[in-house]
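Visitor: Please choose one part of this model and take me through it closely. I am new to this, so explain each term as you go.

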2 protein chains.
Amino acid sequence: MRTHELVLQWIEKQLSDGDLALGGRLPGERAMAEQLQVSRTSVREAVRILEAMGVVRAGVGSGKDAGTVVIAEPGSALGSTLRLHVATRHLPVADIVETRVLLESWAAERAKVGVPELEEAAALLDHMDAAPDIDTFLGLDARFHVALAQAAGNAVVSAMMASLRGAIENYAGELTGNLPDWDATCARLRAEHRAILTAVNNHDGGKAAELVAAHIQGFYTEAGVGSDPSPN
Amino acid sequence: MRTHELVLQWIEKQLSDGDLALGGRLPGERAMAEQLQVSRTSVREAVRILEAMGVVRAGVGSGKDAGTVVIAEPGSALGSTLRLHVATRHLPVADIVETRVLLESWAAERAKVGVPELEEAAALLDHMDAAPDIDTFLGLDARFHVALAQAAGNAVVSAMMASLRGAIENYAGELTGNLPDWDATCARLRAEHRAILTAVNNHDGGKAAELVAAHIQGFYTEAGVGSDPSPN
DNA sequence: GATTACAGTGTGGTTAGACCACAGTGGTAG
DNA sequence: CTACCACTGTGGTCTAACCACACTGTAATC
């Protein structure tokens, strides 16, 4: 077994045993190296992997944001991984979109009315009506979809859904500039968002799921994603 | 931007541009370091991250398996990431199981009859009948479920489904020893597998999806997973 | 006394250079 | 022809140093 894997095992055990919890600080790299009798290089390789997994965040200096602390951001980590595999042509963009439709319509169908996430989603829709530019709109759009997914109460589905979106974010983002009429598209998307939220609040999960599926598929189809067999 | 991220960007660009394809070799670490004008350490950190993502595999020595080659194993990589997040208590085991049911029943419903994956699945069932011990059985079981998922033709769903299983593999594996009657459970699982495959081959996707959902949920429930609010 | 300036401390970030184990390659002695 | 062995290039590991950064405490200054 390679040295940095030993360090990974040790840290994972600390997490599993509860000796290291979310928000907690890892020992300094030099201290860990001495404690485990390995070089600082190996410790750093392990920390890098955990950072790529979204399990820790490393910060220089001293004080609040310094040191290596335990976080929980699986979404961005999974997204990066998927993005790389899309780059290798192993994961087709169409499959990403299809899976996103699957997860997100499932979540819409099971969204619990009255949870804070739905209120946040509603507030985001108001902000989107006043979004000054496309990028701001897309940023709020992402947050809306995540909030909607979170309302279903399954953290794994939320994380995966967010990662799927993130994996093709740049790719799809480039295509929005080529849309024939962004203002019209934007107006349609906003109307669809409100229809989805209304269906959820009316306890009509089936309707909400249908609307979400059509909403996502419609956007990517219009942007030209999914029909192209050779992305990048 | 940190140095190793620069290396990551460079490699990702090589992949996106097609200059580096699946099965291809990365330049040696020393060569890459010189080419990008960074230290070998930084190159190694980038390679470590890619390795954790399941994008490359590093091998020592010379010849066929030597050097750093591009692979495509998102499943194991995503599984490790999820496992770590389960360890931080951020992802409940119950959510993992629920998501696996979702993905796998979706795949069962859309499995295409006649594809090679289904034939492989059938062959695996025969091998499972003759499995000498639990570990062998569970290994074949994993391959059966992956083959079934692949029959739906969505690489992302297959990878995610495999990763979900892998994330709680050890956790669930420990519990199989505590089952009241493994022989009975094993016989039941084998019967359920055949019923699932039969439903798929009869083009009864709805039935297959139902059976798969009950099959997975039943196993984890019997093993005591999902009802325990505090795993590990 | 309050404020400012600055050295001190501990963090991760980066580098250079060395040595190791490993696995093929090819020459060489038998 | 065979067996051996030095050679080469790969990743794996380690050491020791230096840097930038951000806070902390102290001391000089107003």
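Guide: What follows is a close look at helix H3 and its surroundings.

First, the ground rules. Residues are numbered from 1 along each chain as its sequence is written, while chains are lettered from A and ligands numbered from 1, in the order in which they are written. The model is predicted: local features need pLDDT of at least 70, side-chain atom pairs count only at pLDDT 80 or more, and totals for chains, interfaces and linings use all residues.

Start with chain A as a whole. Chain A has 11 helices and 2 strands. These are DSSP runs, numbered from the N terminus: helices are H or I with at least four residues, and strands are E with at least two. Along the sequence the pattern reads α-α-α-β-β-α-α-α-α-α-α-α-α. Taken along the principal axes, the C-alpha atoms of chain A fill a box of roughly 60 × 45 × 30 Å.

Now bring in chain B. A rotation of 180° superposes chain A on chain B, with 0.0 Å of shift along the axis and an RMSD of 0.1 Å. The two copies are thus related as by a two-fold rotation axis. The superposition is by least squares, on the C-alpha atoms of residues with pLDDT of at least 70 in both.

Next, the place where the chains touch. Chain A gives 36 residues to the contact, and chain B gives 36. H1, H3, H4 (74-87), H5 (93-110) and H8 (155-167) of chain A each give two or more residues to the side that touches chain B. H4(A) gives the most, with 7 residues. That side of chain A divides into 22 nonpolar, 9 polar and 5 charged residues. Here Ala, Val, Leu, Ile, Met, Phe, Trp, Tyr, Cys and Pro count as nonpolar, Asp, Glu, Lys and Arg as charged, and the others, Gly among them, as polar. The copies meet through the same surface, because 100% of the interface residues of chain A are also interface residues in chain B. Contact has a cut-off: the C-beta atoms of two residues, placed from the backbone, lie within 7 Å.

Now zoom in on H3 itself. Two packed helices are described by the angle between their axes and the distance between the axes. H3(A) and H3(B) pack at an angle of about 45°, and their axes are 9 Å apart. An axis is a line fitted to C-alpha atoms, for helices over the stretch in contact, and angles run from 0 to 180 degrees between N-to-C directions. H3(A) and H3(B) are therefore oblique to each other. Under 35 degrees counts as roughly parallel, over 145 as roughly antiparallel, 65 to 115 as roughly perpendicular, and the rest as oblique. The crossing of H3(A) and H3(B) is right-handed. That word applies if the near helix is turned clockwise from the far one by less than a right angle; anticlockwise is left-handed.

Which residues of H3(A) and H3(B) meet? Thr41(A), Glu45(A), Arg48(A), Ile49(A) and Ala52(A) meet Thr41(B), Glu45(B), Arg48(B), Ile49(B) and Ala52(B). By class, this contact has 4 nonpolar, 2 polar and 4 charged residues.

H3(B) has another partner in its own chain. The axes of H2(B), residues 29-36, and H3(B), residues 40-52, come within 8 Å and cross at roughly 115°. That makes H2(B) roughly perpendicular to H3(B). H2(B) passes H3(B) in a right-handed crossing. Glu29(B), Arg30(B), Met32(B) and Ala33(B) of H2(B) meet Arg40(B), Val43(B), Arg44(B) and Val47(B) of H3(B). The residues of this contact are 4 nonpolar, no polar and 4 charged.

Last, the DNA. Near means that a residue's C-beta atom, placed from the backbone, lies within 6 Å of the strand. Around DNA strand D there are 23 residues, and Arg2(A), Thr3(A), Ser39(A), Gly61(A) and Gly63(A) come nearest. H1 (3-16) and H3 (40-52) of chain A, with S2 (67-70) of chain B, give two or more residues to that surface. H3(A) gives the largest share, 3 residues. The surface near DNA strand D has 5 nonpolar, 13 polar and 5 charged residues.

DNA strand C is surrounded by 22 residues, and the closest are Arg2(B), Thr3(B), Thr41(B), Gly61(B) and Gly63(B). S2 of chain A and H1 and H3 of chain B each supply at least two residues there. The surface near DNA strand C has 5 nonpolar, 13 polar and 4 charged residues.
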